[in-house]
Amino acid sequence: MQTITAKTGLLGLLGSPVGHSFSPLIHNTLSEKLKQELCYLAFDVSPENFEQALRGGFSLGVRGFNVTVPHKQRVIPFLEDIDESAKRIGAVNTLVRGGEGFIGYNTDMPGLHRAVSSEGIDLKGASAILLGAGGAARACGHMLGLYGAGEIFILNRSGERAAALAEELSALYPGMEARGAELSWYRELPKRDYLCLQATSVGLYPDTEKVLIEDPEFYQNISAAMDCIFNPGETRFLRLVRAAGGRGFNGMKMLLYQAVYAYELWTGVTVPDSLTQELIPVLEEALHG
Ligand code: NDP
């Protein structure tokens, strides 16, 4: 931990709850390694106190915030400006100081893209299955549309939510055919070589034996998969993908790269990829002890 002085700048997380967040560990490690006089703290802020906390943070000179559940949409009306891609996704996770207030960005989507690319996956023309229609699924869907996937099938417990996301993505990315329905629709998917993105909270610690789709048949057509979950490191979903001969990876890199993008926005410093890789064992140690 670096020494705090009168010159130390403040970064922070606004969310609720925030007690299990890895953002303080990631950002404080980055500041230490990159010799930036910055300190990152997590603030548990209720929806009622959000606006006051944000305005207070700006007045206090806070350099930047991350915003997490339940404020990712709530923050938008209070921004001085919003980045084009964050506006399209409809969610903000990073705030950078502007002249009169904060400017909102979404680093989840580019972070996710960097994670997927680092696994050698090319999205151009890809056929994808997206499991889920919540916040993480939205980042996945927009990434697939923006980086040229050919088609996407969205499966979700609430079929209506899946269909609504598919409709939104079809309108924004006409080059990608998007359809959405409830989970049981998996039996009717056309035979393809699929990239499957698991973006539900099913299988998250401590319910590690849960999986959204049990049927081993489903996994036969999946050649590559990512689970947004990183705790546990190997979910039952990933085990089923591997058992069927596909390759899969977890959400750790997604988490790291969204943080790295945010850090670069706040500081203007380029984080070397070797440093990002160094953070993986640091996070694993924090997760599993
Ligand atoms: P949301 O609450 O926005 O969405 C949850 C999704 O999971 C919805 O699609 C929901 O379906 C589905 N779901 C929840 N419980 C069940 C259940 N019992 N059975 C079937 N479906 C269920 O959460 P997020 O999108 O923010 O997070 C999803 C996952 O992604 C979490 O595990 C989170 O940890 C992970 N994540 C990882 C990140 C990373 O950096 N690696 C970043 C953000 C999230 P329905 O619409 O029907 O309710």
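Reader: Where is Pro70 found?

Author: In this predicted model, Pro70 is found in the loop between β3 (64-67) and β4 (81-82). The peptide bond that leads from Val69 to Pro70 is cis, with omega near 5°.

Reader: Which other peptide bond, the one from Asn231, is cis, and where is its proline, Pro232, found?

Author: The bond from Asn231 to Pro232 is cis, and its omega is near 10°. Pro232 is found in the loop between β11 (222-227) and α7 (236-243). Most peptide bonds are trans.

Reader: What makes the phi of Lys35 worth recording?

Author: Phi of Lys35 is near 55°, a positive value in a residue other than glycine. Most residues other than glycine have a negative phi. Lys35 is found in the loop between α1 (23-33) and β2 (38-44).

Reader: Why are α8 and α9 called oblique to each other?

Author: Helix α8 (residues 252-267) and helix α9 (residues 273-288) pack at an angle of about 125°, with their axes 10 Å apart. Angles of 65 to 115 degrees count as roughly perpendicular and those over 145 as roughly antiparallel. The angle of about 125° fits neither class, and α8 and α9 are therefore oblique to each other. In addition, α8 passes α9 in a right-handed crossing.

Reader: Which residues of α8 and α9 meet?

Author: Among them are Leu255, Leu256 and Val260 in α8, and Leu279, Ile280 and Leu283 in α9. By class, the residues of this contact divide into 9 nonpolar, 2 polar and 3 charged.

Reader: Why are α1 and α9 also described as oblique?

Author: The axes of α1 and α9 come within 11 Å and cross at roughly 135°. Only an angle over 145 degrees would count as roughly antiparallel; α1 and α9 are therefore oblique to each other. Their crossing is right-handed. Leu25, Ile26, Thr29, Leu30 and Lys33 in α1 meet residues of α9 including Leu275, Val282 and Ala286. This contact of α1 with α9 has 8 nonpolar, 1 polar and 2 charged residues.

Reader: How do you know that Ala136 and Asn156 make polar contacts with the ligand?

Author: A polar contact is a pair of N or O atoms within 3.5 Å. A backbone N or O atom of Ala136 lies 2.7 Å from an oxygen atom of the ligand, and an N or O atom in the side chain of Asn156 is 2.7 Å from a ligand oxygen atom. Both pairs therefore meet the cut-off of 3.5 Å.

Terms used: Residues are numbered from 1 along each chain as its sequence is written. This is a predicted model: local features need pLDDT of at least 70, side-chain atom pairs count only at pLDDT 80 or more; totals for chains, interfaces and linings use all residues. Side-chain values use heavy atoms; hydrogens and water are left out. Axes are lines fitted to C-alpha atoms, for helices over the stretch in contact, and angles run from 0 to 180 degrees between N-to-C directions. Helices (H or I, at least four residues) and strands (E, at least two) are DSSP runs, numbered from the N terminus. Angles under 35 degrees count as roughly parallel, over 145 as roughly antiparallel, 65 to 115 as roughly perpendicular and the rest as oblique. A crossing is left-handed if the near helix is turned anticlockwise from the far one by less than a right angle, and right-handed if clockwise. Contact means heavy atoms within 4.5 Å. Ala, Val, Leu, Ile, Met, Phe, Trp, Tyr, Cys and Pro count as nonpolar, Asp, Glu, Lys and Arg as charged, and the others, Gly among them, as polar. A polar contact is a pair of N or O atoms within 3.5 Å; within protein, one must be able to donate a hydrogen and the other to accept it, and residues adjacent in sequence count only if both atoms are side-chain atoms.
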